[in-house]
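Please open the model in your viewer and keep the selection tool at hand. We shall go from one stop to the next, and at each one you will be told what to select and what is there.

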Amino acid sequence: TSQKSIKEGKAEICLKTEKVFYNPVQEFNRDLSIAVLSIFTSDFKAEKIAKAEKKAKNRILGTKEDVEGGEGEAEIDISILEALSATGLRSIRYAKEVPNVTKIVANDLSEQAVETIKANVVHNQVENLIETSHDDACMVMYKHKHPSKRFAAIDLDPYGCPSVFLDSAVQSVQDGGLLLITATDMAVLAGNSPETCYCKYGAISMKTKCCHEVALRIMLQCIESHANRYSRYIVPLLSISADFYIRVFVKIYTGAIHCKKTTSKLSMAYQCTGCDNITLQPLGGFKPNPTERNPTQTKAYLPPAPPVGEFCANCNQRHHLGGPLWSAPIHDEIFVSRVLTHVEDNPDLFGTSKRIAGVLSMVREELQDVPLYYTMDKLFGRVHLETMPMLVMRSAILNAGYKVSYSHASRMSIKTAAPAQLVWDIIRTW
Ligand code: SAM
């Protein structure tokens with residue numbers, strides 16, 4: 001059989017058989033993951049050192065209060081699991097390109113894949129860092145759910161839907177650890193099959209122009225719901241829609257009190273069958289505290305908002321129901337800025353650094369407190385008018401006193417908290 005050799009980042013992999021999965025288009029996904037992990041692991045290490053210092057100080061002072069998870073610097077362990085590894089390319093790149101990593105487990109269910117991983121690990125001389133594993137991804141994770149065995153980060157990159165792996169994943173990542181999750185079943189998430197979406201993700205998807213952001217918000221609520229079963233909750237760092245897939249990066253924390261805030265981070269979505277406008281109905285109420293970095297961490301609760309009616313307030317057509325969607329922020333702005341700076345300062349590290357910088361710059365500008373967006377083509381398609389220039393629309397919204405941004409998920413997007421009535425008024429006067 002012929003052997004193919006592929007270079008990507010600092011890795012070179014050999015493929016003896018077409019049966020082991022390799023997709024060159026996912027280079028962007030792998031580059032972005034390395035950039036995210038580079039910032040994450042340095043933070044994670046610093047946090048562990050701080051805990052270890054506090055623990056040592058408490059020991060000296062004879063304080064009873066113990067600090068969980070603190071380790072001496074020498075034994076700081078930052079382990080990553082790539083649960084569905086195929087060729088091992090991603091794991092090898094993590095070993096060679098992500099700082100501070102002490103161990104990587106590259107797992108696959110397919111025997112041929114594991115053989116390929118083993119050969120590639122030797123070829124790239126990373127035997128010291130990478131351990132191969134031939135098992136079902138869920139089994140590997142369940143074996144690591146004890147707090148002393150959990151991973152600092154778990155990467156899930158399956159064919160299609162990742163939800164069958166979530167129960168085990170949310171249990172086997174450390175407190176403050178990272179989950180990196182890809183979903184490629186965009187047809188399901190983007191509204192072609194709302195019933196299947198409910199079965200797989202526990203939410204009804206919708207056919208709408210902002211379906212890519214809806215997909216991200218369905219994915220996030222799905223992870224949160226799995227985490228909540230174990231008194232854990234998510235804090236999204238970065239949520240990306242690209243090519244034919246979505247990719248989310250979320251931190252997992254433990255805390256039953258925080259889980260009570262989940263309903264205030266979720267909404268049902270009422271989509272008008274006439275004008276496509278989407279009104280969100282929060283499942284619970286909360287009053288954002290503007291002094292907090294993450295406004296969803298607030299303690300001040302409000303009663304839930306009154307239910308959205310059967311008919312659309314703008315055009316009086318019936319509503320469709322979708323969701324629940326994650327309606328809290330989907331990115332951490334400060335984290336995104338740091339990843340962006342890292343990529344801009346080191347463009348040679350990544351084959352796709354220009355694209356990463358472009359996407360992250362857009363992400364950073366996104367209005368965090370405005371879930372979803374309008375699109376120019378859909379708005380003007382509804383009224384059978386020629387589209388006005390994007391700039392004109394944006395200035396009109398700004399002039400009316402509302403903020404406006406793009407979403408990275410669509411070139412034609414308009415993200416704004418301006419009421420739908422205002423947007424239609426702008427269109428009518430065009
Ligand atoms: N992460 C890889 C990369 O970046 O190149 C690609 C992974 S590929 C999309 C999915 C892999 O998951 C396949 O190699 C398949 O054999 C493996 N797989 C499918 N079901 C699995 C399971 N239950 N446990 C472990 N591996 C599984």
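Begin by selecting D157 together with the ligand: a polar atom in the side chain of D157 lies 2.8 Å from a nitrogen atom of the ligand, which fits the definition of a polar contact, a pair of N or O atoms within 3.5 Å. The protein buries 89% of the 610 Å² that the ligand exposes when taken alone, where accessible areas come from the Shrake-Rupley method with a 1.4 Å probe. Bear in mind that this is a predicted model, in which local features need pLDDT of at least 70 and side-chain atom pairs count only at pLDDT 80 or more, while totals for chains, interfaces and linings use all residues. Residues are numbered from 1 along each chain as its sequence is written, and side-chain values use heavy atoms, with hydrogens and water left out.

Add E82 next, where an N or O atom of the side chain is 2.8 Å from a nitrogen atom of the ligand, and then R30, which places a polar side-chain atom 3.2 Å from an oxygen atom of the ligand.

Now move on to the helices α10 (residues 333-345) and α11 (residues 353-365), which pack at an angle of about 155 degrees with their axes 9 Å apart; helices here are DSSP runs of H or I with at least four residues, and strands are runs of E with at least two. Because angles over 145 degrees count as roughly antiparallel, α10 is roughly antiparallel to α11.

Then select G323 and P324, which are joined by a cis peptide bond with omega about 0 degrees; P324 is found in strand β12 (residues 319-326).

Finish at N100, in the loop between α2 (89-97) and β4 (103-108), where phi is near 75 degrees, a positive value in a residue other than glycine.

Notes
A polar contact is a pair of N or O atoms within 3.5 Å; within protein, one must be able to donate a hydrogen and the other to accept it, and residues adjacent in sequence count only if both atoms are side-chain atoms. Axes are lines fitted to C-alpha atoms, for helices over the stretch in contact, and angles run from 0 to 180 degrees between N-to-C directions. Angles under 35 degrees count as roughly parallel, over 145 as roughly antiparallel, 65 to 115 as roughly perpendicular and the rest as oblique.
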